[in-house]
Amino acid sequence: MRTHLPRLTTSLSRVRNLGILAHVDAGKTTVTERMLYLTGATHKRGEVHDGTTVTDFDAQERDRGITIFAAAVSCVWDDHRINLIDTPGHVDFSDEVERSLRVLDGAIAVFDAVAGVEPQSETVWRQADRHGVPRIAFVNKLDRAGADLDTAVASIRDRLHTVPLVVQLPIGREDEFSGVVDLVRMRALVWAAGADTYAEGPVPEALVDEARRRRRALEEAVAELHPAALDEFCDTSSLGAQTLTAALRDLTRTGDAVVVLCGSAYRNRGTEPLLDAVVSYLPSPLDVPPVRGTADGAEQERAADPEEPFAALVFKVNSTATGRLTYLRVYAGTIGKGDVVLDVAARRTERIGRILRVQADRNTEVDRAVAGDIVAVVGVKEARAGATLCTPSAPLLLEPPTVADPVVSVAVEARRSLDTDRLASALARLVEEDPSLTVRTDTETGQTVLSGMGELHLEVAVEKIRLAQGLEIVVGRPQVAYRETVARGVSGLVYRHVKQDGGAGQFAHVVLDVEPLDAEEPGAGEFAFSSTVTGGRVPQEYVRAVEAGCRDALAEGPLGGHPVTGVRVTLTDGATHSKDSSEMAFRTAGRFALREALRASAMTLLEPVVEVTVTVPDSAVGGVLGDLAARRGRVSGSTARAGTAVLTATVPLAELFGYASRLRSRTQGRGTFTTRPTGYAPAPATVVGTRA
């Protein structure tokens, strides 16, 4: 049995900044709560079903039983400071995950031992891949009926295309799961019923042969991937525990493999070895490359060193009853209370009032924060998520997290006209806290339109205003974000812009080719522009102005005023005037030329589509399949699992509004579903007619 006394050191090598990633209901929050309890950060085990968790502290999170907002907490294990962010698992809140991953050095990916890799598991895994975040995996809920570690690991290998290195063997199956065999040190860790810690002992005799076989398979897999381990394996035909641990650490930090552990967080089995793995395998701020940014137009690096000039990234903003909290990841330098920092992009200075070590909705004030810390500060009034805060004398602009385009919109208005200004102020604060939300005024109807990542995202946002401000809000029917694209373009479209209104005039002559943009083309995005003009007929600065004008024209398409995507424009010819030509004239010409070309092209309306995974009882499969077909769904897969069927289909997002209620009624409340965005697809003529 091991005990760990919380002691704090300031060495960067003893800091771990990590997140918990998973599909909704895989047990992320329970894993986090057990880690906080075992490290002494809390003195009572929080339970999701009781609404007593530390990280799901928001009223809506406790009512719905899911994580909605990323929550930062801090604890100490084995003399290591662990800064932990519990991230949402629902697809509508994936932007919270994106902002969190931008500031993390490592992550724990949690998987359900019955379901294995689920749709949102894949999504967050790909997000972590994009950010180069090293991960370890924890297969949770091994005490459930139908739980199988090998099946879950196979899904990790097949669906995530990584190399899983399993370092534990379960002791007992399903209800009889009581512990694990540590394959690295060949010992048994067993948790007695109701015990908080494990008892260490020899490997059970019934599992000795299986443990040896799996240890051998682990050594061979590691030797294939790690040169130093291969040398020892060739010399001795085995790997020592020290060599194996070092190799697993290297493979985790390079991303060449993923260490897999297992347990049942709800029963408090497997959490201590998981904490040990965090310390042993995941990187410290010193183990990741120096942060890169731009200064005076040149790329620079800044090391994770308290003596370097201060540089931090804002990844979350939260308005509380006691003031505005700005969450920072400090990449370099040191900051103290009263220091003045520069918001680099906004070119504005801010003063740090207080520095807080955050524990979800509670905090402890500290005197300073150094490189590697994740803290919240009070006193920063204007900085938004994605802003860089630096020492004013040494500015460095860091790359902000990407923000996905909203896909669902609703019209919102205050029920009482007297509350209109209060609603506008509340919406402005909401957008400040969550950059994936946008607010605009519809130019035709004058309505205020709130846009976000999904129906639940908007429902939570509106409810947050209702609870915080006490406002009565009228919400319109959700609308999805359509796009338009070119199905068949035009060639040689000539546009001449001439304007004379006294004094210097405007003259620009352009010839454009417009065609669909091949989505398979390397580097293809929403728009591509090129010029084949020769002989200096259109100077380069005017070519750039034409491109800018074309981008302006993409904001509204001819079918229904939706943004245009997937278009290639080529400037093939043009002419200038010695006095009247200017960048403004060519930008105007580019804008009107492309608008005219799009009206002459064959256009297609695109609608957002999602992959839906529906889990239903076998008896309800027929009705659910019929309902999906009625919603223009295309079923792509079906698997059976312990009396239930898991159906996978691609469905237009617009057809899923209200689907949760319909599914519950068809399955007597036993059916569940999840969604994952897959992009855009051509809409049928009936939809085009209603949206044009």
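Here's a quick briefing on some aromatic pairs, ring-facing arginines, a helix crossing and one buried valine. Keep in mind that this is a predicted model. There are seven aromatic pairs in the structure, and two of them are picked out below. Helix H13 comes up in both: it holds phenylalanine 592 and also phenylalanine 586.

**Aromatic pairs**

- Tyrosine 495 and phenylalanine 592 make a stacked pair, with 6.4 Å from centre to centre and 15° between the planes.
- That pair links distant parts of the chain: tyrosine 495 is in strand E31 (residues 490–499), phenylalanine 592 is in helix H13 (residues 583–600), and 97 residues separate the two.
- On accessibility, tyrosine 495 counts as buried at 18%, while phenylalanine 592 comes out as partly exposed at 32%.
- Then there's tyrosine 542 with phenylalanine 586: the ring centres are 4.8 Å apart and the planes sit at 15°, so this pair is stacked.
- Tyrosine 542 belongs to helix H12 (residues 540–553) and phenylalanine 586 to helix H13, so the pair ties together parts 44 residues apart in sequence.
- Both partners are buried here: tyrosine 542 has 15% relative accessibility, and phenylalanine 586 has 0%.

**Arginines over rings**

- Phenylalanine 592 turns up again, this time with arginine 595 lying over its face, 5.5 Å from the ring centre.
- Elsewhere, arginine 135 lies over the face of tryptophan 125, at 4.5 Å from the ring centre.

**Where H1 meets H9**

- Helix H1 (residues 28–38) packs against helix H9 (residues 271–281) at an angle of about 85°, and their axes are 10 Å apart.
- Angles of 65 to 115 degrees count as roughly perpendicular, and H1 and H9 are therefore roughly perpendicular to each other.
- H1 brings Val31, Arg34, Met35 and Leu38 to the contact, and H9 brings Thr271, Glu272, Leu274 and Leu275.
- By type, the residues of this contact split into five nonpolar, one polar and two charged.

**Valine 260**

- You'll find valine 260 in strand E11 (residues 258–262).
- Its relative accessible area is 1%, so valine 260 is buried.
- Leaving out residues up to four places away in sequence, valine 260 touches Ala137, Val139, Val153, Pro164, Leu165, Val166, Val167 and Gln168.
- How far is valine 260 from alanine 597, in sequence and in space? The two are 337 residues apart along the sequence and 55 Å apart in space, C-alpha to C-alpha.

Key. Residues numbered from 1 in each chain as written. Predicted model: local features only at pLDDT ≥ 70, side-chain atom pairs only at ≥ 80, totals over all residues. Heavy atoms only, no water. Phe/Tyr/Trp six-rings, centres within 6.5 Å; stacked < 30°, edge-to-face > 60°. Helix = DSSP H or I, 4+ residues; strand = E, 2+ residues; numbered from the N terminus. Buried < 20%, exposed > 50% of the residue type's maximum accessible area, 1.4 Å probe, protein only. Lys NZ or Arg CZ within 6 Å of the ring centre and 35° of its normal. Axes fitted to C-alpha atoms, helices over the stretch in contact; angles between N-to-C directions. Parallel < 35°, antiparallel > 145°, perpendicular 65-115°, else oblique. Contact = heavy atoms within 4.5 Å. Nonpolar A, V, L, I, M, F, W, Y, C, P; charged D, E, K, R; others polar.
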